[in-house]
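Visitor: I should like to take a close look at a single residue of this chain and its surroundings. Please describe its place first, and then the chain around it.

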Amino acid sequence: MMALCLLEVVPAILLIMFYLGIPLLFLVNVNQLLMFGGLAALTKGLPRNSIPIIIFAMTLIVISLVKAYSLAGAENYDFRFEAVFPYYFSLVMPALMFISVYSLGNLDAADVLAELRWFSKWFLILISPAVLTYVVLNLTGRISYFGFGVNFHYAAPYFMNRVGVVGSVAVLILLSGKRSTLVNFVFQYGLFMLGKSRRSPITILLILLAIIASVLIAWDSLEFLLRRFTRMIQAYSEADLSNGLLGLSDSYESIVLFGGRLEEVVGVVDYFTRHPGDIWFGSPPGANYVWRVELSDLEIVKSFAHLTWLGYAFRFGVIPLAALLSYFLYKLVTGWDSQNPLWLVFVGTLVSATFGGNLFYSPVAWTMIALYMRYGKAISAELRRGREADRAIGGPNAGVQ
């Protein structure tokens with residue numbers, strides 16, 4: 001299962017090839033389907049504790065069929081047949097990932113943690129050369145776009161006790177120029193350090209002071225790498241918010257601040273304005289909203305949004321979305337353990353979904369969520385036992401390795 005998840009590095013390689021004029025980006029979808037098929041094939045039966053997830057997915061499928069049957073006038077919905085498959089894939093795929101993970105049974109938490117550490121190690125080993133290649137091509141002008149997204153949140157939490165690895169990942173993210181990746185990484189590391197400070201306040205204070213000093217010393221270089229953030233600050237200061245945030249849509253400031261995502265919000269709001277009844281349980285399968293950026297003479301129809309929760313509201317409605325988010329928040333709070341790397345991966349996956357659309361299509365994202373739901377508490381207990389045993393023999397505190 002973890003070996004299949006390593007195929008997550010393939011899209012980064014295909015993106016670099018696309019920037020270099022090698023048009024193989026369509027293989028990203030093939031790669032996702034390959035991971036999905038492989039992970040689903042590992043299912044060892046229908047576990048009882050996965051039944052609630054199955055019922056939830058089947059309920060949404062039944063509702064979608066009712067919505068599709070009621071779609072008497074397709075011309076009123078901007079219907080596109082090619083949007084039907086992604087709609088059902090984003091329902092069926094998560095359920096099958098849960099079934100696959102839950103069918104693993106009561107594995108020993110130490111073994112699961114060892115496999116996750118193996119995945120994180122090889123993920124960083126495989127993705128780092130790709131990021132460095134992008135950086136070199138960007139700095140030499142072969143690639144003009146500054147922003148190379150990598151899902152470091154799947155791997156970074158397993159190395160947060162290793163300052164050298166944390167620093168290396170931070171440098172890679174800064175060099176890649178992806179804002180959402182940096183925000184997610186800082187959020188995960190901040191939670192880890194916050195939990196760590198309760199046990200080693202002096203050590204954590206010294207580490208924070210060292211980080212601040214490093215930032216001040218290297219500020220000239222960091223200012224160049226963080227130029228997208230400085231442009232955001234400038235754009236926000238110059239933005240005309242007299243008509244509210246949505247009124248900023250389709251402006252230069254909106255593109256700098258949100259990269260087209262605000263226009264997606266406007267498109268979905270406009271859709272629900274025209275079809276108010278769909279807001280509760282979503283649009284019919286195959287329906288689209290209009291994404292319009294007149295500043296770039298761009299107008300296309302879309303059936304998803306980069307802001308996952310907005311896209312879920314569009315596809316499945318605010319009632320299923322509220323149920324899903326309530327479940328996620330419940331599991332987040334009840335399993336709170338910032339020293340558990342899998343808990344941090346779960347947090348990072350949810351934060352990433354706020355900025356990007358991973359949950360629509362990524363089997364890896366849902367595999368990580370399912371692994372946390374199934375083994376999160378057991379891994380927390382295993383780590384606590386390790387720390388207690390370490391303290392009993394007078395060794396250093398055991399933590400996230």
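Guide: Contact here means heavy atoms within 4.5 Å. The model is predicted, and the residue chosen for the close look is Lys302, found in strand β2. Not counting residues up to four places away in sequence, Lys302 touches Glu264, Asn288, Tyr289, Trp291 and Phe314. One of these partners, Glu264, also takes part in a polar contact: its side chain and the side chain of Lys302 are paired at 2.4 Å. Lys302 has a relative accessibility of 8% and therefore counts as buried, since buried means under 20% relative accessible area.

The strand that holds Lys302 covers residues 298–302. The secondary structure of the chain as a whole comes to 18 helices and two strands. Of the 401 residues of the chain, 49% count as buried. Among contacts in the chain with a separation of 6 or more, 74% are accounted for by residues 24 or more positions apart.

As to overall dimensions, the C-alpha trace spans about 75 × 55 × 45 Å along its principal axes. The radius of gyration of the chain is 22 Å, which agrees with the value near 21 Å for a compact globule with 401 residues.

Turning to surface and charge, the accessible surface of the chain comes to about 19,300 Å², and carbon and sulfur atoms hold 68% of that area. The chain carries 28 positive and 24 negative side chains, with the centres of the two sets 11 Å apart.

Terms used
Residues numbered from 1 in each chain as written. Predicted model: local features only at pLDDT ≥ 70, side-chain atom pairs only at ≥ 80, totals over all residues. Heavy atoms only, no water. Helix = DSSP H or I, 4+ residues; strand = E, 2+ residues; numbered from the N terminus. Buried < 20%, exposed > 50% of the residue type's maximum accessible area, 1.4 Å probe, protein only. Polar contact = N/O pair within 3.5 Å; in protein donor to acceptor, adjacent residues only side chain to side chain. Rg over C-alpha atoms; globule rule 2.2 N^0.38 Å. Areas by Shrake-Rupley, 256 points an atom, 1.4 Å probe, with all protein chains shown as cover. Lys, Arg positive; Asp, Glu negative; His and termini not counted. Charge placed at Lys NZ, Arg CZ, Asp CG, Glu CD.
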